[in-house]
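Welcome, and please have your viewer open with the selection tool ready. We will go from the whole chain to single residues and back out to the surface.

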Amino acid sequence: MWVLEQSAIGTAGTAEACRDTLDSYDSDKGWCVGDGDTEPEAEAFDNSPFSIGRGFDIIIDRSTMEIVWTSSHGTPSGNENLDGEDVLDAVLEAVDD
C-alpha cells in the first residue's frame, strides 16, 4: 500500500497523484491512496501514532483489516530504519501467523 501525503508540488496527496508517482517508478504493484483524500479528514496517516510525520511501513491483516506490524523510517533519531530484508522478514512472519 502506497500512501502519498503530498505531491511533488506541495499539494495534498490524492490517489491519482499517487498512481502517477508509482508510474514514474515503473511500479505496477500495490494499492495507491492519497492522504488528502482520507475521510473523515485528511492527514490521517501523517497524524497516526506510527507515523509522526515520517515515513512508515505497515502490515495489515486482510481478514481483520487490523494493523499487525509497523515500522518507521527517515532521519535516524527515533526510527527503526529497517532495510528491505528486515521488512520482508516481517511480511513473511505476518503471512505465517
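The tour below goes stop by stop, with something to select at each one.

**Before you click.** This is a predicted model, in which local features need pLDDT of at least 70 and side-chain atom pairs count only at pLDDT 80 or more, while totals for chains, interfaces and linings use all residues. Residues are numbered from 1 along each chain as its sequence is written, and side-chain values use heavy atoms, with hydrogens and water left out.

**Stop 1: the whole chain.** Show the chain as a cartoon and you will find two helices and four strands, where helices (H or I, at least four residues) and strands (E, at least two) are DSSP runs numbered from the N terminus. Followed along the sequence, the pattern reads β-α-β-β-β-α. Switch to the C-alpha trace: along its principal axes it spans about 40 × 30 × 30 Å. The radius of gyration of the chain is 14 Å, which agrees with the value near 13 Å for a compact globule of 97 residues; this radius is taken over C-alpha atoms, and the globule rule is 2.2 Å times the number of residues to the power 0.38.

**Stop 2: the disulfide.** Now select cysteine 18 and cysteine 32 and show them as sticks. Their sulfur atoms are 2.0 Å apart and form a disulfide (a pair of cysteine sulfur atoms within 2.5 Å), and the structure holds one disulfide. Cysteine 18 sits in helix α1 (residues 15-24) and cysteine 32 in strand β2 (residues 32-34), so the pair, 14 residues apart, links distant parts of the chain. Which hand does this disulfide of cysteine 18 and cysteine 32 have? The torsion about the S-S bond is about -85 degrees, so the disulfide is left-handed.

Add a surface and look at the two cysteines again. Cysteine 18 is buried, at 3% relative accessible area, and cysteine 32 is buried too, at 18%. Here buried means under 20% relative accessible area, exposed over 50% and partly exposed in between (1.4 Å probe, protein chains only).

**Stop 3: helix α2.** Select residues 84-96, which make up helix α2, and pick out leucine 92 within this helix. Leucine 92 is partly exposed, with a relative accessible area of 46%.

**Stop 4: back to the full view.** Buried residues make up 21% of the 97 residues in the chain. Turn on contacts (heavy atoms within 4.5 Å): among those between residues at least 6 apart in sequence, 26% join residues at least 24 apart.
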